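Visitor: I have not looked at this one before. Can you walk me through it?
Guide: Yes, here it is.

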Amino acid sequence: MSTLSQAFLDQANSCEALDSPFMGRLLRLLAAHWPADTKLATRCADFSGDIGPKGHSLPLRIASGLHALVLQNADPALTNIYPPHASSDATFKTEILAALHRHDAFLCDWIRNTPQTNEVRRSAVLIAAAQLLAERFDLPLKLSELGASAGLNLMFEKFHLAVGTGYGPQSDVRLAPDWEGPLPPAATLKVAERLGVDLNPLDCHRADHALRLQAYLWADQAERLTRTRAAIAVHDAQVDGGDAIDWLQTRLSTPETGMVHMVYSTVAWQYFPPEKQRQGTEILMQSGQQASPDAPLVWLSYEADDQTPGAAVTLHLWTGNAPQVWHLGRADFHGRWIKWQGPARLP
């Protein structure tokens with residue numbers, strides 16, 4: 001089991017690999033100079049199990065708490081060492097440690113909640129997959145997102161995917177991943193219904209929830225903040241609270257004709273307990289047997305697997321028989337790049 005210091009270093013490596021040198025600097029400082037005399041340190045020591053990036057993610061909880069203070073303009077001295085400002089290593093260390101002491105109570109409360117973001121760039125994969133479905137069926141979509149957080153990625157047909165000649169409307173939410181491979185077909189996306197589920201859903205139109213969404217973004221990646229705020233501005237989806245797999249069973253209980261039911265998750269399934277993953281797979285397989293050409297069922301998975309780089313993008317399609325399965329390619333966890341392998345259209 002990793003120590004908190006090792007968890008900081010592991011998370012620093014991940015952040016640096018995802019183009020956030022500021023997060024790397026902050027987390028390496030905390031690994032080397034963790035203030036053991038704070039109540040925050042005592043609170044962190046009370047966590048059991050995996051405290052690293054694949055568990056409780058304490059490093060991200062702590063870093064996001066500091067970012068929340070900056071976003072609220074709650075600590076001018078701290079703000080002055082955060083991007084776009086520069087600071088010496090000595091000043092950076094002094095001000096970070098001082099902020100941890102000044103805001104000890106706030107940070108203890110902040111880290112009670114698990115990390116939650118909505119990485120809007122992941123919608124590029126959703127748009128590309130939906131283009132295949134729209135071209136194949138010419139039916140509106142019924143969307144069901146598992147682990148949806150605030151549900152920003154339930155709004156993907158309102159975003160613009162800037163690859164090739166472009167997909168979707170012109171929008172303040174512009175997605176421009178580095179794209180490799182064939183382009184999806186051009187088709188008009190229509191969404192008839194959208195609904196998500198999360199254990200702890202956020203309402204992005206509440207100031208405190210919007211703050212949490214933004215605080216978990218990294219302070220030196222201003223374009224992510226801009227994109228998230230633009231997605232919040234067009235958001236009108238509902239996200240239910242509850243267990244995703246129990247919710248899914250109810251959601252799939254009755255097929256609706258005249259719609260393509262697209263069930264999907266983006267880097268969320270991997271956090272479900274193994275038994276829930278097994279149960280969810282069985283529910284989808286059983287529900288697929290009730291699908292038809294007029295009521296297709298789709299399971300789109302954008303999730304980590306045992307390969308690198310990035311995550312695997314896999315599409316299961318049922319139209320009343322055994323599922324057809326396509327490995328659509330791989331994508332960066334933050335949607336920065338997509339290696340698409342098609343097909344050009346679904347048969």
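What follows is a short chat about the overall build, two helix pairs and one serine.

Visitor: What kind of model is this, and how are residues numbered?
Guide: This is a predicted model, where local features need pLDDT of at least 70 and side-chain atom pairs count only at pLDDT 80 or more, while totals for chains, interfaces and linings use all residues. Residues are numbered from 1 along each chain as its sequence is written, and side-chain values use heavy atoms, with hydrogens and water left out.

Visitor: How many helices and strands are in the protein chain?
Guide: The protein chain has 12 helices and 11 strands. These are DSSP runs numbered from the N terminus, H or I of at least four residues for helices and E of at least two for strands.

Visitor: What does the C-alpha trace span along its principal axes?
Guide: About 65 × 40 × 35 Å. The radius of gyration is 21 Å, which agrees with the value near 20 Å for a compact globule, because the chain has 347 residues. That radius is taken over C-alpha atoms, and the globule rule is 2.2 Å times the number of residues to the power 0.38.

Visitor: And what share of the residues count as buried?
Guide: 55% of the 347 residues. Buried means under 20% relative accessible area, with a 1.4 Å probe and protein chains only.

Visitor: New topic. At what angle do helix 1 and helix 2 cross?
Guide: Helix 1 (residues 4-17) and helix 2 (residues 21-32) cross at roughly 170 degrees, and their axes come within 8 Å. Helix 1 is therefore roughly antiparallel to helix 2, a label for angles over 145 degrees. Axes are lines fitted to C-alpha atoms over the stretch in contact, and angles run from 0 to 180 degrees between N-to-C directions.

Visitor: Which residues make the contact?
Guide: Among them are Phe 8 and Leu 9 of helix 1 and Leu 27 and Leu 30 of helix 2. Contact means heavy atoms within 4.5 Å.

Visitor: How far apart are the axes of helix 4 and helix 9?
Guide: The axes of helix 4 (residues 58-71) and helix 9 (residues 207-215) are 9 Å apart, at an angle of about 120 degrees. The contact includes His 67 of helix 4 and Leu 211 of helix 9.

Visitor: Last one: where is Ser 287 found?
Guide: Ser 287 is in helix 12 (residues 274-288). Ser 287 is buried, at a relative accessible area of 12%.

Visitor: What does Ser 287 touch?
Guide: Leaving out residues up to four places away in sequence, Ser 287 touches Leu 252 and Leu 297.

Key:
Parallel < 35°, antiparallel > 145°, perpendicular 65-115°, else oblique. Buried < 20%, exposed > 50% of the residue type's maximum accessible area, 1.4 Å probe, protein only.
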